[in-house]
Amino acid sequence: MDDIGPAADPVETDSEQEGQAPESGAPSFAGMNLAPEIQQALGDMGYLTPMDVQVAVFQQVMDGHDIMVQSRTGTGKTAAFGLPIAQRIAAGSHGAQVLALAPTRELALQVSEELKRITRFKSVAVVPIYGGAPMKPQIDALQA
């Protein structure tokens, strides 16, 4: 995610498997080599196995590739990019490490809440910054 280059082939999926028990040989969060604190957060969230979109893009994002994903609502897109962010972010580091842009305030808040849930056992702060609200509290939260 250091270099910005041409996007990889688009990934499309329509899977809706959240909360399903893992099948023998099926992808697992442990098989993705996620940090234990991320796996714990996912378990607390009720995620038992990664969704198709998460499996399809995880390694590409971890390898620093740009991707474009198209998938229906509720298929795990936020976690598809949130898991690699959570895995790669340096806990306890000062300063902004990730900037995720969203087209609407509502989506920015939704993404930040999901990232907070995924990183709840890491020493990181997720701060949404958006228009239409007082900037001082947002700037203070970002500086903190």
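In this predicted model, helix α1 (residues 36-44) has three buried residues, namely I38, A41 and L42. Around the helix axis they span an arc of only 100°, which places them on the same side of α1. This fits a familiar pattern: with 3.6 residues a turn in an α-helix, residues three or four places apart point the same way. Among the elements that cover the buried residues of α1 are α3 and α4 (105-118). Just after α1 comes G46, a residue with a positive phi, near 90°.

It helps to set this helix in the layout of the whole chain. Five helices and two strands are found in the protein chain, and from the N terminus on their order is β-α-α-β-α-α-α. Of the 144 residues in the protein chain, 31% are buried. Among contacts with a separation of 6 or more, 70% are between residues 24 or more positions apart.

The loop between β1 (11-13) and α1 offers two residues worth a visit. One of them is A35, which is buried, its relative accessible area being 16%; the cut-off for buried is under 20%. A35 also illustrates how the fold brings distant parts of the sequence together: A35 and Q87 are separated by 52 residues in sequence, yet their C-alpha atoms are 6.5 Å apart in space. Q87 appears again below, as one of the α3 residues that meet α2. The other loop residue is N33, which is exposed, with a relative accessible area of 60%. Its backbone deserves a glance as well, since most residues other than glycine have a negative phi. The phi of N33, in contrast, is positive, near 60°.

Turning to helix packing, α2 (residues 52-62) and α3 (residues 77-88) meet at an angle of about 35°, and 9 Å separates their axes. The crossing of α2 past α3 is right-handed. On the α2 side, the contact involves V53, Q54, V57, F58, V61 and M62, and on the α3 side K77, A79, A80, L83, P84, Q87 and R88. By residue class, this contact comprises nine nonpolar, two polar and two charged residues.

Helix α3 also packs against α4, here at an angle of about 50° and with the axes 10 Å apart. That angle makes α3 oblique to α4, and this crossing, too, is right-handed. From α3 the contact draws on T78, A79, F81, G82, L83 and A86, while α4 supplies Q110, V111, E114, L115 and I118. The residues of this contact divide into seven nonpolar, three polar and one charged. A79 and L83 are listed both in the contact of α3 with α2 and in the contact with α4.

A closer look at E114 rounds off the picture. This residue of helix α4 is buried, with a relative accessible area of 12%. What surrounds E114? Leaving aside residues up to four places away in sequence, E114 touches M45, Y47, T78 and A79. T78 and A79 belong to the α3 side of the contact with α4. G46, the residue with positive phi, follows α1.

Methods: Residues are numbered from 1 along each chain as its sequence is written. This is a predicted model: local features need pLDDT of at least 70, side-chain atom pairs count only at pLDDT 80 or more; totals for chains, interfaces and linings use all residues. Side-chain values use heavy atoms; hydrogens and water are left out. Axes are lines fitted to C-alpha atoms, for helices over the stretch in contact, and angles run from 0 to 180 degrees between N-to-C directions. Helices (H or I, at least four residues) and strands (E, at least two) are DSSP runs, numbered from the N terminus. A crossing is left-handed if the near helix is turned anticlockwise from the far one by less than a right angle, and right-handed if clockwise. Contact means heavy atoms within 4.5 Å. Ala, Val, Leu, Ile, Met, Phe, Trp, Tyr, Cys and Pro count as nonpolar, Asp, Glu, Lys and Arg as charged, and the others, Gly among them, as polar. Buried means under 20% relative accessible area, exposed over 50%, partly exposed in between (1.4 Å probe, protein chains only). The arc is that of the directions from the helix axis to the C-beta atoms. Angles under 35 degrees count as roughly parallel, over 145 as roughly antiparallel, 65 to 115 as roughly perpendicular and the rest as oblique.
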